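Please open the structure in your viewer and keep the sequence panel beside it. The tour below goes from one selection to the next and says what is to be found at each stop.

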Amino acid sequence: MSSARVPVLVVGGGPVGLSTALFLTRHGIAPTLVERRDSTSWLPRAPGIQARTLEIFAAAGLEREIRALEMGDSHPYFEGGILRTPTLAEIGTAEVVESPSLDGAEISPQRVMGCGQDRYERVLAEHARAGGATLEFGTKLVSFTAGEDGVIAELESVADGTRRTIEADYLVAADGASSFVRRTLGIPQEGRGTVFHALSIYFRAPRLESVMHDRKFILCYATKGPTVMTLSRLHGCDPWAGAALYDPAEESPADFTEERCVQVVRDAAGVPDLEVEIVGTVPWEGAQRVATTFRSGRVLLAGDAAHVHPPAGGFGANTGIHDAHNLAWKLAAVLRGWGGDRLLDSYDAERRPLGTAMADQALLRNRIRHGHASAADRARMVDDIIVTLGYRYSSSPAIAVEDDDAPVLTPRLELTGQPGTRAPHVWLRRDGKRVSTVELFFGSYVLLAGPDGEKWHDAATVVATGTAVPLRSFRIGRELVEDEGADWAKAYGVAPDGAVLVRPDGFVAWRTTEAGHDPKATLHTLLESLV
């Protein structure tokens, strides 16, 4: 028997699926999410939360709760970079392989932080439910058909095998690297393929901190033992998170017994009698694959279902959450009647080139860390902050692009108000309270007008009353006042009588440096063309 039709069915209850559900509720859409696991993750995977991701969580109203999950101050660990050492006991003379730039007070109001997804998934789930989303754990998708009018999906209870049918206007596949949805649709993938095999080892070792003399780092490669092991420091040490590399031609995950895992940790530590308790193990592969399309009619791919790459750089979960952020407002626009089908097309046009570029950067980092990089590889690598915050959408129907040939990732960070880039961070005052420009963008388009841009502000006020497209307008110097030392016009590349239109996801859609001849007509035509 069919259930009532739902607007969006989200498949996958990891960070990407939960973020998709949460962001949809923030845009007034109540989705249904299904996940075959019986709960949110119990493992501290994906522990690095980028500044851009925290900006998104802050805009969705979660900043305080997410920040409260941080164990102490994790920022010094990010500053420690990526290390390589024979054993962890010799970490005092470790080689610094990478020292990535990840944030900055002049770039973002947020700082990167360490927190395993076992903690932040619970917050995402709680707020998604509170917003009206239906979360069904212990439920898996077993089949679906997608047509012009919607999706019909068959769901099965993991506990007792009972099945039911559900109808949805759209289906979002956030079901991971081996995505059942993507495979069912027959969407090919492109890329290098499998690069290495690894087994995550979660363990407790109370003495390990003293062995390393509290050395701060993001990730450390211990290379002396028979098995290379990496150790993460971002989520804390209870349990520790390590990863052992192995050759599938010679061994398999089954060969990593509890005794073997204990020995891998001891070899990596360089302490033969180290007390080690194994908490759990998870096999996985480092691979580079990007789907040839992120959209197939009413089905859209997000996160690892759309793009996978080696974990070097920590781009995986963060990029997937950014996918969800980009997709949620566009789905909401279509479902609420003010966005057209071409707006959904812009999801693929924007996120797929970025997914490809990001996967390439992750592969470069993997080569560098394992000593296989050429000079050409190193020359193509850009800083982490460009990959996480400085990317741009250079070809999209939802942006009035100024330069169609601009690369997705630039050699240097360029956040100066160009359409297609994340709106620059500038400190302002609103009702006496300090607020960053990036905190203004969620739920609607926002027109920011300069101190002499009253014509743009007045035009936006009139246009907002005559269109279904949500639009708010602020004047710098009136509703918003520049904080001491701030220069909004310079940061956004406009004159005092210019204006900037920013999308609900915080990306610049259009800007003008002058007052214009007919601001009202310009804005009306612009909004129609973008949505």
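For the first stop, a sorting of residue types is needed: Ala, Val, Leu, Ile, Met, Phe, Trp, Tyr, Cys and Pro count as nonpolar, Asp, Glu, Lys and Arg as charged, and the others, Gly among them, as polar. Bear in mind throughout that this is a predicted model.

**The second largest pocket.** Select Glu106, His425, Val426, Trp427 and Ala486, which lie nearest the centre of the second largest pocket, a site lined by 13 residues. By the sorting given above, the lining of this pocket divides into 6 nonpolar, 2 polar and 5 charged residues, and the volume of the pocket is about 210 Å³.

**Thr25 in helix α1.** Next, select residues 15–26, which make up helix α1, and pick out Thr25 within that helix. Is Thr25 buried or exposed? Residues under 20% relative accessible area are called buried, and Thr25, at 10% relative accessibility, therefore counts as buried. If you display polar contacts, you will find the side chain of Thr25 reaching the backbone oxygen of Leu22 at 2.5 Å. Leaving aside its neighbours within four places in sequence, Thr25 is in contact with Pro31, Ala128, Gly131, Gly132 and Ala133, which can be added to the selection.

**Helix α2.** Move on to residues 51–59, helix α2, which is largely enclosed by the rest of the structure because 7 of its 9 residues are buried. To see the buried part, colour Ala51, Arg52, Thr53, Leu54, Glu55, Ile56 and Phe57. Just after α2, pause at Gly61, where phi is positive, at about 85 degrees.

**The aromatic rings.** Now show the side chains of the aromatic residues, among which the structure holds 12 aromatic pairs. Begin with Tyr246 and Phe256, whose ring centres are 5.7 Å apart and whose planes stand at 55 degrees, so that the pair is tilted. This pair links distant parts of the chain, with Tyr246 in strand β14 (residues 240–246) and Phe256, 10 residues apart from it, in the loop between β14 and α8 (258–269). Both Tyr246 and Phe256 are buried. Tyr391 and Tyr393 form another tilted pair, with 5.9 Å from centre to centre and 50 degrees between the planes, and these two tyrosines are likewise buried. For the last stop, select Trp329, Trp338 and Tyr445 together, since here ring pairs link the three residues into a cluster.

Definitions and conventions: Residues are numbered from 1 along each chain as its sequence is written. This is a predicted model: local features need pLDDT of at least 70, side-chain atom pairs count only at pLDDT 80 or more; totals for chains, interfaces and linings use all residues. Side-chain values use heavy atoms; hydrogens and water are left out. Helices (H or I, at least four residues) and strands (E, at least two) are DSSP runs, numbered from the N terminus. Buried means under 20% relative accessible area, exposed over 50%, partly exposed in between (1.4 Å probe, protein chains only). A polar contact is a pair of N or O atoms within 3.5 Å; within protein, one must be able to donate a hydrogen and the other to accept it, and residues adjacent in sequence count only if both atoms are side-chain atoms. Contact means heavy atoms within 4.5 Å. On a 1 Å grid over the protein atoms alone, a cavity is a set of points where a 1.4 Å probe fits but cannot get out, and a pocket is an open set with protein on both sides within 12 Å along at least five of seven lines; lining residues have an atom within 4 Å of a point. Grid points are joined across faces, edges and corners, and a volume is the space filled by probe spheres set on the points. Rings of Phe, Tyr and Trp (its six-membered ring) pair if their centres lie within 6.5 Å; planes under 30 degrees apart count as stacked, over 60 as edge-to-face and the rest as tilted.
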